[in-house]
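Notebook open, structure loaded. I'll jot down what I look up as I go.

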Amino acid sequence: MTAVIKRNKWEIWRDVIFALFTREIRTGFNDKFGLSWAVINPVVFIFVLSFIRGRLGGGETHTMPTFTFMAIGILFIQCFLQTMGGSARAISKNKALFAFRQVQPISAVIAGALFQMLVKIFVIAGILVIMYFMGMDIQVSDPLLFLACFILLWIFAVAVGLIFGIAEMFISELGKVRELLTRPMFFISGVFFSLQDFPQEYWHYLDWNPILHAIELARYSAYSTYGIEGVSMSFLAGCVLSFSFLALALYQVSWKQAISR
């Protein structure tokens with residue numbers, strides 16, 4: 001006699017997210033380059049930009065190696081942009097699956113965001129291996145602070161992506177607006193230059209950006225001599241909490257209307 005396994009709603013939700021996450025991995029790495037391209041692409045990008053930044057400011061940037069300075073900035077901004085984009089597209093991309101009662105849009109968003117986190121973990125591991133074999137200095141003074149900055153930035157990207165994902169189901173043109181708005185983020189988030197490179201009277205033009213706080217705090221967690229002027233963990237955490245609440249509230253109110261359009 002066949003045994004019937006009963007699952008509660010949390011177990012069903014977990015299984016749905018895992019199934020969608022597995023689907024993301026299969027579709028994300030199904031070309032000839034696979035995972036290797038996800039590592040090679042940012043590494044080449046980091047080396048090129050580090051060379052350019054090194055030519056401008058020398059081998060060190062505010063007491064830390066220029067390569068590490070650029071690597072943290074590029075990894076964090078790519079984590080934000082790709083996680084936000086993947087989360088925003090997850091709802092429309094998986095709309096056909098929502099015909100099944102167990103599959104809800106939030107599950108697709110979480111699965112897409114977890115896939116982007118998995119890619120970034122491989123990228124970080126690949127960069128550390130390359131730095132080790134090239135004899136570069138690998139130093140993280142405060143690993144917990146670095147991990148907290150990475151996770152808070154990831155949650156922030158998921159929240160912003162969920163807001164755009166819901167909004168784009170009502171107005172599809174908002175996807176083009178999202179891509180337009182995210183392009184300047186590469187230049188105003190402290191990827192190429194530190195906040196310390198600017199006179200203090202101009203900091204208020206940049207320090208409203210929580211991504212800048214995450215990047216600068218992550219650099220400080222790697223080299224405590226880098227300094228922590230102008231940025232705050234409480235501001236970063238407050239922005240993440242506010243956007244997460246807004247995203248979940250918007251989702252709770254409008255997800256049924258969004259997928260029925």
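In which helix does F146 lie? I find F146 in helix α5. Helices here are DSSP runs of H or I with at least four residues, strands are E runs of at least two, and both are numbered from the N terminus.

Ground rules before I go on. This is a predicted model, where local features need pLDDT of at least 70 and side-chain atom pairs count only at pLDDT 80 or more, while totals for chains, interfaces and linings use all residues. Residues are numbered from 1 along each chain as its sequence is written, and side-chain values use heavy atoms, with hydrogens and water left out.

**Entry: F146**

I looked up its exposure: F146 is partly exposed, because its relative accessible area is 22% (buried is under 20%, exposed over 50%, partly exposed in between, with a 1.4 Å probe and protein chains only). Leaving aside neighbours within four places in sequence, I get I72, F76, V140, A218 and S221 as the contacts of F146 (contact means heavy atoms within 4.5 Å). I also checked F146 against R7: they sit 139 residues apart along the chain, and their C-alpha atoms are separated by 37 Å.

**Entry: L145**

Next I took L145, which is found in helix α5. Is L145 buried or exposed? L145 counts as buried, because its relative accessible area is 16%. Its contacts, again skipping neighbours within four places, are L217, Y220, S221 and M233. For L145 and S221 I noted a C-alpha separation of 5.8 Å, with their positions 76 residues apart along the chain.

**Entry: the core**

How many residues does the largest nonpolar core have? I get 74, and F76, I127, L162 and I211 have the most contacts inside it. By a nonpolar core I mean a set of buried Ala, Val, Leu, Ile, Met, Phe, Trp, Tyr and Cys residues joined through side-chain atoms within 4.5 Å. Elements giving two or more residues to this core include α1 (9-28), α3 (66-93), α5 (143-170) and α9 (233-259). The most comes from α5, with 16 residues. I then picked out F76: not counting residues up to four places away, F76 touches F146, C149, F150, L153, A214, I215 and A218.

**Entry: S107**

S107 is in helix α4 and counts as buried, because its relative accessibility is 0%. Beyond the neighbours within four places in sequence, S107 is in contact with W13, V16, I17 and L20.

**Entry: T63**

Where is T63? I located T63 in the loop between β1 (60-61) and β2 (64-65). Its phi is near 75°, a positive value in a residue other than glycine. Most residues other than glycine have a negative phi. T63 is partly exposed, at 40% relative accessibility.

**Entry: whole chain**

I count 9 helices and 2 strands, in the order α-α-β-β-α-α-α-α-α-α-α. The C-alpha trace spans about 70 × 40 × 30 Å along its principal axes. The radius of gyration is 20 Å, which agrees with the value near 18 Å for a compact globule of 261 residues; the radius is taken over C-alpha atoms, and the rule is 2.2 Å times the number of residues to the power 0.38. Buried residues make up 45% of the 261. Of contacts between residues at least 6 apart in sequence, 76% join residues at least 24 apart.
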